[in-house]
Amino acid sequence: MAEEPKDRFLSQRRNGWGRLTVMALLLAFGTVAGPWARADEPFARSRDYDLQNARIELRFDVEQRRVMGQVTHTLTTLKEGLRELDFDSVGLTILSAKVDGKDAHFSTDSTKLHVDLERAGKAGEKHEVAIRYQGSPKKGLHFILPNKSYSAQPKEIWTQGEAEETRYYIPIYDYPNDKTTTEMIVTVPREWVTVSNGKLESVAEAGQGMKTWTWRQSQPISTYLISLVAGEFDESKKNWHNIPVDYRVPRGEAERIEPTFARTPEMLSFFSERLGVLYPWEKYDQTAVDQFTLGGMENASATTLTARSLLHPMLAHESLEGADGLISHEMSHQWFGDLVTTKDWANLWLNEGFATFMATLWEEHHYGADNAAYARWRAQGAWFRQRRLFDVPIVTHEFSNSMQYAGNIYGKAGLVLQMLREKLGDDAFFHALQHYLEANRLQNVATADLVKAIEESTHVDVDRFFEEWIYGGGAPRFSVSTIYDASAKQVHMEVKQTQEVRGHVGLFEVPVEVAVTTAAGTKSFPITLSKAEETFSFEAESEPLLVLFDKGDKILKSVEFHKTPAEWIYQLQRAEDVPDRADAAVALGDMKGNDAAIAALGEAAAHDHFWGVRVQALTALGKIGGTEAEKGVLAGLSDAEPWVREVAVEQLGKFSADSGLGARLAEIAGKDNAYRVRAAALMSLGQRKSEGAMGTLEGAAKTDSPDDVIRRAALRAMGALGDDKAAPQLLDWVEPGKPMRLRTAAIDSLGKVAKKDEAVESRLIALLNDPDFDIRLATVYALGERGDPAAIEPLETLRNSGDIPSGGGLVIEQQIARIKNPRAGEDQASAAERPANRGQASGTQQGGEQIVQRLDKIEQNLAEMNERLKKIEQQQAARATP
Ligand SMILES: [Zn+2]
């Protein structure tokens with residue numbers, strides 16, 4: 001996230017399909033540097049003082065979007081002869097500063113407030129510094145307000161501190177390597193509610209229709225975790241172990257609380273027990289807000305979530321895991337990130353890698369080992385597809401922005417922790433985590449603190465493991481071949497590590513389980529690989545039916561292992577572990593024209609007991625194409641799981657030869673009992689440009705459904721269809737006052753139709769000034785897609801305005817480049833990086849990976865995101881495919 005941190009769980013419009021918000025975009029284009037990109041400080045600062053308490057008093061001029069504040073810092077100096085105290089402060093007007101009750105001289109520059117001390121003091125002196133200020137923050141503090149077009153919008157104020165934005169609304173020490181207790185004293189209209197860190201101490205009348213809320217966080221936290229949410233919210237109050245566990249959602253959304261948050265108490269119990277460290281704070285609040293620029297943010301005891309993650313009660317059952325991925329991710333940060341906090345952004349994996357790992361642990365616990373294994377298999381593929389990450393270690397100080405390598409600090413780090421768990425075994429691993437959390441409770445850490453805790457508690461030396469996986473880059477790329485020696489009754493296996501050894505990438509020492517199956521049964525052979533080239537021999541009574549290298553896919557790696565179609569078919573049918581069967585499905589998907597492969601895939605699509613393998617088989621059949629494959633895909637239409645039927649319907653979009661399919665898809669669009677499947681059918685109709693599709697889409701655009709799922713899909717499908725006749729109605733839907741999710745869908749589609757129509761172009765250009773950031777962002781993309789040079793100047797104006805939250809400038813730059821050089825977009829998502837399947841990363845490799853599908857821009861973004869983000873995204877849109 002080029003700049004905006006962090007919890008980059010990006011999100012769809014509420015229950016809609018489609019647009020990724022800015023986090024995803026930042027992930028997608030994080031490599032593009034530019035003047036708008038804030039340079040997060042990679043190295044921790046040296047400190048002049050130790051902040052002990054920050055008493056923050058805030059009032060607002062809501063209409064003017066202004067904050068009037070006073071912050072009183074209690075601190076102890078750490079340096080001899082200190083003459084001034086520096087605070088991070090951006091864009092705020094400082095009205096006065098007092099030190100120990102006396103007016104003090106102060107000065108400001110663009111990033112700091114300097115408060116003079118009367119005399120050079122000694123280290124260890126305690127001071128109280130009171131600062132009065134006001135301002136209209138561009139970042140850090142956000143006002144979401146009704147306007148003429150959206151008069152029902154609940155009023156909301158929310159903050160977002162990570163990485164370095166607390167300084168936009170509080171003059172404060174704003175780097176993770178200091179922790180302070182806080183008081184948040186906030187005066188708001190009496191009918192509002194507020195949420196902040198820690199315990200609610202009081203709510204008092206403040207006159208003139210106002211109330212003052214006082215929150216106290218009595219255990220120290222890093223200042224990027226300070227949070228305030230205030231406004232018009234519905235709430236539901238629960239308890240867990242005698243602490244309040246409350247849920248708040250924008251006013252009017254109360255029916256979404258139960259489907260979204262129901263499993264929170266069970267999750268708190270699971271994490272507390274599994275880690276052996278009781279949930280550490282005085283309460284746990286989760287508050288969903290509108291227009292949040294992230295998916296979620298783990299503010300200590302007061303998580304903020306995007307309201308887009310809230311589940312509509314009528315759609316909740318269409319989603320396997322609901323918002324659990326997001327909720328469990330943020331919750332696990334309450335231990336990893338909040339209780340124990342990275343000292344600098346370079347070690348951010350200690351926050352994010354653990355949160356990623358823990359979310360999959362919840363998935364394993366609640367949804368079963370197969371779901372977790374499948375999630376990890378997809379995460380491996382997602383990481384390998386982001387090639388720019390390969391050479392870069394998880395811990396690196398070489399970045400201009402802490403989110404530049406999000407795919408390493410989230411996805412890869414989560415997988416590395418899983419490998420560490422495998423290495424140590426569950427008992428030792430979780431005992432080590434408990435020791436790490438207890439030994440560093442309420443403190444800052446670097447990676448060395450984790451290594452030390454592991455070695456102290458397990459007596460296992462993990463230096464080499466960390467050297468290879470955390471401080472080194474890359475992952476092993478194996479080339480494997482076997483021959484069977486019938487006379488010796490042995491399988492000879494040759495293994496090469498083919499990754500280029502240079503820079504931060506070396507050879508890996510990894511344990512691997514080889515499983516050899518013959519007619520007599522399966523034998524397992526654990527081996528350890530460490531050299532560029534090694535050979536092994538395994539006993540086998542007869543020629544093997546199947547050899548698995550790294551059974552169960554435990555190691556982050558890619559493998560080139562040539563097998564016969566019969567071996568792949570056997571693997572698809574018989575392999576015990578989901579990842580091995582999924583690998584086989586991907587491999588067979590490259591075997592066009594092989595009837596046995598198609599038959600086996602059809603069988604798996606219909607009957608594999610795990611839904612993810614059925615999805616992979618359907619996807620492989622879609623890739624193969626042809627009449628026989630189509631039969632297999634059609635069988636998927638009767639799958640019990642909507643997220644599998646949806647994939648079948650999506651694949652049917654590729655079978656353009658069958659003239660009867662249009663009617664079938666139109667029928668599904670009208671009557672499948674899952675909205676997500678109906679929506680997918682509309683998209684497929686558009687994509688395959690079925691005859692009469694426009695009529696079906698126009699009808700669907702008039703159909704009411706929860707969260708407008710159907711109408712939104714119809715508008716998006718009009719873009720996929722590319723029929724210029726759609727332009728007038730799409731233009732109707734972009735107007736202010738229409739639901740946001742429909743506006744963005746219509747804008748997306750206007751990127752693809754009537755490209756020569758100047759009226760459409762100029763309407764879109766005007767939307768660059770829309771007050772809603774999501775609308776502006778959608779418009780930026782649509783203009784890039786249209787490619788009309790008339791948009792360049794307006795785009796540059798927007799970029800230069802500085803009025804773009806969260807590094808959206810990166811996205812604008814990207815789209816300008818696309819207009820100037822239409823081929824640039826192609827290069828950005830070069831074929832090899834597109835998510836056709838996971839073939840690159842797993843055991844398939846039937847030669848050059850052929851990308852069969854021109855993916856639209858959203859899918860390109862997905863390709864760049866780490867798997868976890870992608871998964872949440874899909875869950876929220878009630879999608880299921882990898
Ligand atoms: Zn996170």
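Here is a short conversation about a predicted protein model.

Reader: How is the model set up, and what mean pLDDT does the protein have?

Author: Residues are numbered from 1 along each chain as its sequence is written, and side-chain values use heavy atoms, with hydrogens and water left out. Because this is a predicted model, local features need pLDDT of at least 70 and side-chain atom pairs count only at pLDDT 80 or more, while totals for chains, interfaces and linings use all residues. The score pLDDT is the predictor's confidence in each residue, from 0 to 100. Here 88% of the residues reach 70 or more, and the mean is 90.

Reader: Over which residues does pLDDT stay under 50?

Author: Good thing to check! One such stretch has 202 contacts (heavy atoms within 4.5 Å) beyond four places in sequence, and another has 188 of them. The stretches are residues 1-38 and residues 825-882.

Reader: How many helices and strands does the protein have?

Author: Both are DSSP runs, numbered from the N terminus: helices are H or I with at least four residues, and strands are E with at least two. Counted that way, the protein has 29 helices and 29 strands.

Reader: What percentage of the residues is buried?

Author: Buried means under 20% relative accessible area, exposed means over 50%, and partly exposed lies in between (1.4 Å probe, protein chains only). The protein has 882 residues, and the buried part of them comes to 64%.

Reader: Which residues have the most contacts inside the largest nonpolar core?

Author: A nonpolar core is a set of buried Ala, Val, Leu, Ile, Met, Phe, Trp, Tyr and Cys residues joined through side-chain atoms within 4.5 Å. The largest one has 160 residues, and its largest share, ten residues, comes from helix H7 (residues 406-424). Another core, of 100 residues, lies apart from it and includes Leu588 and Val647. In the largest core, the residues with the most contacts are Phe60, Trp349 and Phe549.

Reader: Which residues does Trp349 touch?

Author: Residues up to four places away in sequence are not counted here. Among the partners of Trp349 are Ile409, Ala413 and Leu417, as well as Phe354, Phe466 and Ile470.

Reader: How many salt bridges are there?

Author: Side chains of opposite charge can pair when their charged atoms come close. For a salt bridge, a side-chain nitrogen of Lys or Arg must be within 4 Å of a carboxyl oxygen of Asp or Glu. By this rule the count is 60.

Reader: Is Asp324, which pairs with Arg263, buried or exposed?

Author: The closest N and O atoms of Asp324 and Arg263 are 2.8 Å apart, forming a salt bridge. This pair links distant parts of the chain, with Asp324 in helix H4 (residues 324-333) and Arg263 in the loop between H2 and helix H3 (264-275), 61 residues apart. Arg263 has a relative accessible area of 21%, so Arg263 is partly exposed. At 1% relative accessibility, Asp324 counts as buried.

Reader: Which helices hold Arg376 and Glu364?

Author: Their side chains meet in a salt bridge, at 3.0 Å from N to O. Arg376 is buried because its relative accessible area is 15%, whereas Glu364, with 23%, is partly exposed. The two residues are twelve apart in sequence, Arg376 in helix H6 and Glu364 in helix H5.

Reader: Which residues are linked in a network of salt bridges?

Author: This network brings Lys and Arg together with Asp and Glu. Its residues are Glu41, Arg45, Asp88, Lys112, Glu164, Arg167 and Asp174.
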